[in-house]
Amino acid sequence: MQPTKVAVIGCGRIANEGHLPAYRTAADAGLCTLVGICDVIPERAQQTARQYNTQAFEAVEDMITETQPEVVSITTMPSSHHHLTLHALNAGCHVLCEKPVAMNLSEAEEMVEAAEHAGRLLSICFEYRYWDESVYLYNRIAAGDLGPVHALRTWGGSIYGFPTITSFHRQASAGRGVLDHWTIHNIDLALWLLGNPEPLTASAFCHQRLARYPAGLGPSLNTIKPEAVDPEIEDFAMGFVRVEGGTVITVEANWLQPPSDRPEGWELLAERGAASISPLRVWHDHDDKWIDATPPPGTLAPCDYRMERLITGFLQALRAGKPAPVSGAEILRIQRLMDALYESAARGHEVVVTPTPLNPTEQK
Ligand SMILES: NC(=O)c1ccc[n+]([C@@H]2O[C@H](COP(=O)([O-])OP(=O)(O)OC[C@H]3O[C@@H](n4cnc5c(N)ncnc54)[C@H](O)[C@@H]3O)[C@@H](O)[C@H]2O)c1
């Protein structure tokens, strides 16, 4: 089988730190070949193209017409995900798009519909699902080893982690803040671990600490102008979600965390056990004593944030004629939930997360 022809839209941080190194690894394995990259900043595209020995373009349209890629990775900010996805799908490409999916549910719906109409794969970069610890815990829960899960709490963010890239400061390009740009990963992993239950209600609180205490930016105060950050870009959020089956999820998002040995994690309580990720711990509550059922150290790889597994997984799914790793139903579910969390924060009360009817062909 010939290597799959891949092109990357956007040559910013996640393209250079995630997608491009991962495509290089996949190319070394004979899975793909990088036929072009583009960026609206031409120097950026040219510099990255030299590094990856490929063609540079300024316009997506030119790149797709000239290089005829089979796969397009979209690594731009969410304000362009909708139109770039539609353009790539209409040109016959399969699309791997960065999170957050889109600016809102109606954009996400059009993206999913366009992929179905074109008969092409559309997937989203939720790389946490590929961690050894995630897969291990997913299998434990699915096998029923811990019994039904009744609560899962997750948190994410970083210490002095407010992004310095100015497009993250603008509602027009970023849409929203830390919940959408970081903790969407935590929420996606939580839903996936639980077997993709439908969210029923959402409640959230969003806060922008930097507007009140700019010094909280720490060293980034040298590069970020607090007065130029839109008020809609929250740096802290707290959410509470009820999902079908009776499980509750709490989520905490913070770009300005205090020092912590564990800036990100997942902890769940089940009827007959408990577990965590990052680091992985598994406990069985058995005959009046808690039994540590954690796999021995060194059995599983620690969580890492590289994109190799995700990119390889996407290419392998495509080449094997399998569905997209993140299904259309999952894409709509997470976008619907993110919109509901922000709506709740704006309204100051819990909101119902209304599920749209599933297309029978969509997998759960
Ligand atoms: N999956 C992850 O773990 C992860 C990590 C970091 C960022 N991200 C996501 O990736 C996205 C991009 O983040 P980033 O930090 O790389 O931003 P960035 O600003 O560094 O990169 C975006 C690049 O896209 C270019 N661009 C914008 N519009 C374009 C267009 N129409 N055509 C071609 N190029 C265009 C910009 O010039 C820029 O170089 C965000 O949605 C962010 O949330 C995901």
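Reader: If domain bounds come from an automatic or database domain assignment, which domains does the shell around the ligand draw on?
Author: It draws at least three residues from each of domain 1 (4–124) and domain 2 (128–305). This is a predicted model, in which local features need pLDDT of at least 70 and side-chain atom pairs count only at pLDDT 80 or more, while totals for chains, interfaces and linings use all residues. Residues are numbered from 1 along each chain as its sequence is written.

Reader: How many residues surround the ligand, and which are the closest?
Author: There are 25 around the ligand, and Gly-10, Gly-12, Arg-13, Ile-14 and Glu-98 are the closest. A residue is near a molecule if its C-beta atom, placed from the backbone, lies within 6 Å of it.

Reader: Which helix gives the most to that shell?
Author: H1 does, with three residues. Helices are DSSP runs of H or I with at least four residues, strands runs of E with at least two, numbered from the N terminus.

Reader: Turning to H2, which residues are buried?
Author: In H2 (residues 42–52), Ala-45, Thr-48 and Tyr-52 are buried (20 or more other C-beta atoms within 10 Å of their own; exposed is 12 or fewer).

Reader: Why are they on the same side of H2?
Author: Because they cover an arc of only 75° around the axis, taken from the directions from the helix axis to the C-beta atoms.

Reader: And what does the face turned away carry?
Author: That face of H2 carries the exposed residues Glu-43 and Arg-50.

Reader: What follows H2?
Author: Asn-53 follows H2, and its phi is positive, near 50°.

Key
Domains from an automatic or database assignment.
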